[in-house]
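Q: Hi! Could you walk me through this structure, charged pairs to start with?
A: Happy to, let's put it up first.

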Amino acid sequence: MGLDHAHDKVDWREHGVKVIPGDSLDPNTAQTPGMNRATAINAARAGAEKIWAGTVHIHPDAKTGAHHHGDLESIIYVVRGRARMRWGENLEYVAEAGPGDFIFVPPFVPHQEINASADETLECVLVRSGQDPVVVNLDIEPVEKPQAVKWIDPIHRT
């Protein structure tokens with residue numbers, strides 16, 4: 001009953017946990033007008049193979065351009081401020097999220113991030129399911145009266 005001790009040969013100091021200081025994020029990543037993204041975790045900075053993580057800041061009252069992220073899934077965690085998300089072929093749907101809320105954006109979904117606050121920067125943590133910095137900016141005019149959608153998880157639907 002032999003145990004595999006291959007892990008004993010790994011240099012865990014070099015190939016173990018990485019701490020990326022918040023003040024050393026890399027702004028050299030794909031951008032969308034109206035927001036500033038910065039990379040914290042990727043292959044080059046931390047050795048990640050399957051995920052990308054970073055931050056996004058949206059200035060007060062700002063609206064990003066419409067875009068999608070190809071076949072990547074995205075998770076946005078709101079740290080500070082109020083996020084208004086629009087999505088759909090014509091950005092016809094809308095929902096809001098505040099501090100502590102998570103937002104899930106499926107692959108290829110046209111969307112737009114909006115800072116719902118006129119005087120506070122929207123600060124979020126962003127995680128994607130892949131390494132490629134896919135940002136496909138779209139030429140979509142937002143609708144005047146978006147349809148509000150309240151998210152209810154599948155377990156609690158009535």
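Q: So how many salt bridges are there?
A: The count comes to 4 salt bridges. Keep in mind that this is a predicted model, and that side-chain atom pairs count only at pLDDT 80 or more.

Q: Okay, let's go one by one. What does Arg80 pair with?
A: Arg80 forms a salt bridge with Glu123, and the closest N and O atoms are 3.0 Å apart. This pair links distant parts of the chain, with Arg80 in strand S4 and Glu123 in strand S9, 43 residues apart.

Q: Are those two buried or exposed?
A: Arg80 counts as partly exposed, at 39% relative accessibility. Glu123 is partly exposed too, with a relative accessible area of 22%. The cut-off for buried is under 20%.

Q: Which residues are linked in a network with Arg80?
A: Salt bridges link Arg80, Glu120 and Glu123 in a network.

Q: And Arg82, what is its partner?
A: Arg82 forms a salt bridge with Glu96, at 3.1 Å between the closest N and O atoms. Here too the pair links distant parts of the chain: Arg82 is in the loop between S4 and S5, and Glu96 is in strand S6 (residues 93-97), 14 residues apart.

Q: What other salt bridge does Glu96 form?
A: Glu96 also forms one with Arg84, where the closest N and O atoms are 2.7 Å apart. Because Glu96 lies in strand S6 and Arg84 in strand S5, that pair ties together parts that are 12 residues apart in sequence.

Q: How accessible are the residues around Glu96?
A: Glu96 is partly exposed at 39% relative accessibility. Arg82 is partly exposed with a relative accessible area of 35%, and Arg84 is partly exposed with 26%.

Q: Does the strand pairing fit in here somewhere? What stands opposite Arg84 in S6?
A: Glu96 in S6 stands opposite Arg84, and Glu96 is also its salt-bridge partner. S5 and S6 pair in the antiparallel sense over 5 bridges.

Q: What's in the turn of that hairpin? Which residue takes a positive phi?
A: Gly88 does, with a phi near 120°. The hairpin of S5 and S6 has 5 residues between the strands.

Q: Which strand besides S6 is joined to S5?
A: Strand S8 (residues 111-115) is joined to S5 by 5 bridges, and the two run antiparallel. Within S8, Glu113 is the bridge partner of Met85.

Q: Switching topic: what is the strand order in the open sheet?
A: The open sheet has 5 strands in the order S1-S2-S9-S4-S7, with antiparallel pairing. S1 (36-41) and S7 stand at the edges with a single partner strand each, so one side of each is left without a neighbour in the sheet. The twist averages 25° from one strand to the next.

Q: How many bridges join S9 to S2 and to S4?
A: 7 bridges join S2 to S9, and S4 and S9 pair over 6 bridges. Both pairings are antiparallel.

Q: Who faces whom across those strands?
A: Between S2 and S9, His57 stands opposite Glu123 and Ile58 stands opposite Leu122. On the S4 side, Val78 stands opposite Cys124 in S9.

Q: How do the side chains point along S9?
A: They alternate. Leu122, Cys124, Leu126 and Arg128 point to one face and are buried, while Glu123, Val125 and Val127 point to the other and are not.

Q: Last topic, the core. How many residues does the largest nonpolar core have?
A: The largest nonpolar core has 16 residues. Those with the most contacts inside it are Ile58, Ile76, Val78, Ile103, Val105, Leu122 and Cys124.

Q: Which strands supply at least two residues of it?
A: Strands S2 (52-58), S4 (74-80), S5 (83-87), S7 (102-105) and S9 (122-128) each supply at least two residues of this core.

Q: And what does Ile58 touch?
A: Leaving out residues up to four places away in sequence, Ile58 touches Gly34, Met35, Thr64, Glu113, Asn115, Thr121 and Leu122. Among them, Leu122 is the residue that stands opposite Ile58 in S9.

Key: Residues are numbered from 1 along each chain as its sequence is written. This is a predicted model: local features need pLDDT of at least 70, side-chain atom pairs count only at pLDDT 80 or more; totals for chains, interfaces and linings use all residues. Side-chain values use heavy atoms; hydrogens and water are left out. A nonpolar core is a set of buried Ala, Val, Leu, Ile, Met, Phe, Trp, Tyr and Cys residues joined through side-chain atoms within 4.5 Å. Buried means under 20% relative accessible area, exposed over 50%, partly exposed in between (1.4 Å probe, protein chains only). Helices (H or I, at least four residues) and strands (E, at least two) are DSSP runs, numbered from the N terminus. Contact means heavy atoms within 4.5 Å. A salt bridge is a side-chain nitrogen of Lys or Arg within 4 Å of a carboxyl oxygen of Asp or Glu. Two strands pair if DSSP finds at least two bridges between them. Axes are lines fitted to C-alpha atoms, for helices over the stretch in contact, and angles run from 0 to 180 degrees between N-to-C directions.
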